Amino acid sequence: MTTALITHPDCLGHETPEGHPEKVARLEYVLAALEGKDLSRVTAPMVAEDDLLRVHPHSHVEAIRAAAPISGMVQLDGDTYMSPGSLAAAHRAAGGAVRAVDLVMSGEAQNAFVATRPPGHHAERETTMGFCLFGNIAVAAKFALDHHGLDRVAIVDFDVHHGNGTQDLLEDDARALFVSSHQFPLWPGTGTADETGPHDTILNLPLAPGTGGEGFRKIYEDKVFPAVAAFKPQLLLISAGFDAHRDDPLADLRLTEDDFAWVTGRLCDLAGDLCGGRIVSCLEGGYNLMALAQSAAAHVDVLIARGAG
């Protein structure tokens with residue numbers, strides 16, 4: 001068994017204005033940090049429209065397509081931009097997540113890391129938001145449920161920002177458990193503990209500014225792992241944002257690479273017990289380039305070790 005790395009050069013074609021935190025260099029640094037590692041490298045395909053339509057209405061998909069500029073840049077909201085290469089990048093990001101599910105469910109890979117951009121966990125049903133155009137990991141979750149016939153999937157999101165988009169896209173589906181640990185208060189201002197969804201399948205775990213590895217690990221041991229174990233998913237998905245790192249400029253948590261490696265290992269343990277070790281991890285945030293690269297490498301190193309084991 002192996003760990004698959006799914007990416008595509010098109011994801012480097014999504015450009016943002018000078019000084020924007022979600023920039024091309026993010027993916028360049030991540031890919032450089034993964035160079036030479038024992039990974040099965042897979043090309044991210046364009047997402048099929050039917051897969052997007054499982055979570056987004058046709059009007060949203062068409063609005064994104066219509067907004068794509070031929071030249072220059074367009075601003076979709078306060079934080080989110082499109083350049084001429086953005087539409088292809090967004091389709092590769094969602095398509096890469098779907099491809100990862102196929103690889104893991106077929107047994108071609110034990111687990112997979114989807115290194116693409118733009119990220120996805122803030123995109124709501126009909127709203128671009130927080131650098132995100134499509135809900136990549138929600139697309140993957142619905143694909144696993146509907147195409148592969150699973151009864152239960154779980155998504156764990158350790159990005160420093162609440163995964164409001166993933167929550168919006170999946171909360172009506174009792175087959176999907178969504179767990180988000182995130183700094184609060186912090187943009188986007190959602191993700192309070194009382195947001196549990198109509199099926200009690202949403203678990204939000206706000207972390208106070210300044211929380212470090214000890215507090216992070218405790219809430220995962222006390223809340224996250226028991227909730228995932230109780231749900232008994234047949235596939236575990238991870239929204240792997242590394243902006244809870246102590247050096248990240250957009251937030252104020254105090255995690256290190258060791259904390260990301262630890263949580264990855266514990267999630268691999270859970271997946272080994274619950275679902276044959278099947279994990280799909282999708283890159284989300286992380287805006288200090290060196291911290292992002294080192295954290296992503298630590299995350300993937302654990303996936304490789306568990307995939308080979």
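**Exercise 1. Is Phe260 buried or exposed, and what is its relative accessible area?**

Solution. This is a predicted model. Step one: take the relative accessible area of Phe260, which is 0%. Step two: apply the cut-off, since buried means under 20%. Phe260 is therefore buried.

**Exercise 2. Classify the ring pair of Phe158 and Phe260, and place both residues in the chain.**

Solution. Start with the search of the whole structure, which finds seven aromatic pairs. Phe158 and Phe260 form one of them, with ring centres 5.7 Å apart. Their planes stand at 40°. Planes under 30 degrees apart count as stacked and those over 60 as edge-to-face, so an angle between these cut-offs gives a tilted pair. The Phe158–Phe260 pair is therefore tilted.

Next, the locations. Phe158 sits in the loop between strand 6 (153–157) and helix 6 (164–170). Phe260 belongs to helix 8 (residues 257–274). The two are 102 residues apart, and the pair links distant parts of the chain.

Last, burial. Phe158 has 1% relative accessibility, so it counts as buried. Phe260, at 0%, is buried as well.

**Exercise 3. Describe the pair of Phe225 and Trp262, then find the cluster that holds both.**

Solution. The centre-to-centre distance for Phe225 and Trp262 is 5.8 Å. The angle between the planes is 55°, and the pair is tilted.

Now the elements. Phe225 lies in helix 7 (residues 213–231), and Trp262 in helix 8. The pair therefore ties together parts that are 37 residues apart in sequence.

Then burial. Phe225 has a relative accessible area of 4% and is buried. Trp262 reaches 18%. The cut-off for buried is under 20%, so Trp262 still counts as buried.

Finally, the cluster. Ring pairs join Phe225 and Trp262 with Phe216 and Tyr220.

**Exercise 4. Which peptide bonds into Pro185 and Pro188 are cis or trans, and where do these prolines lie?**

Solution. Check omega for each bond. From Phe184 to Pro185, omega is near 5°, and the bond is cis. From Trp187 to Pro188, omega is near 10°, and this bond is also cis.

Then place the residues. Pro185 is in the loop between strand 7 (176–183) and strand 8 (202–207). Pro188 is found in the loop between strand 7 and strand 8 too.

**Exercise 5. Examine phi, location and accessibility for Asp200 and Lys232.**

Solution. Take Asp200. Its phi is near 55°, a positive value in a residue other than glycine. Asp200 lies in the loop between strand 7 and strand 8. Its relative accessibility is 61%, so Asp200 counts as exposed.

Take Lys232. Its phi is near 55°, again positive in a residue other than glycine. Lys232 is placed in the loop between helix 7 and strand 9 (236–240). At 53% relative accessibility, Lys232 counts as exposed. The cut-off that applies here is over 50%.

**Exercise 6. How many disulfides does the structure hold, and why do Cys268 and Cys275 form no bond?**

Solution. The count is zero disulfides. To see why, look at the sulfur atoms. The closest cysteine sulfur to that of Cys268 is in Cys275, 9.9 Å away. The reverse search, from Cys275, leads back to Cys268. A disulfide needs the sulfur atoms within 2.5 Å, so 9.9 Å is too far for a bond.

Add the burial of both residues. Cys268 has a relative accessible area of 8% and is buried. Cys275, at 3%, counts as buried.

Notes:
Residues numbered from 1 in each chain as written. Predicted model: local features only at pLDDT ≥ 70, side-chain atom pairs only at ≥ 80, totals over all residues. Heavy atoms only, no water. Phe/Tyr/Trp six-rings, centres within 6.5 Å; stacked < 30°, edge-to-face > 60°. Helix = DSSP H or I, 4+ residues; strand = E, 2+ residues; numbered from the N terminus. Buried < 20%, exposed > 50% of the residue type's maximum accessible area, 1.4 Å probe, protein only.
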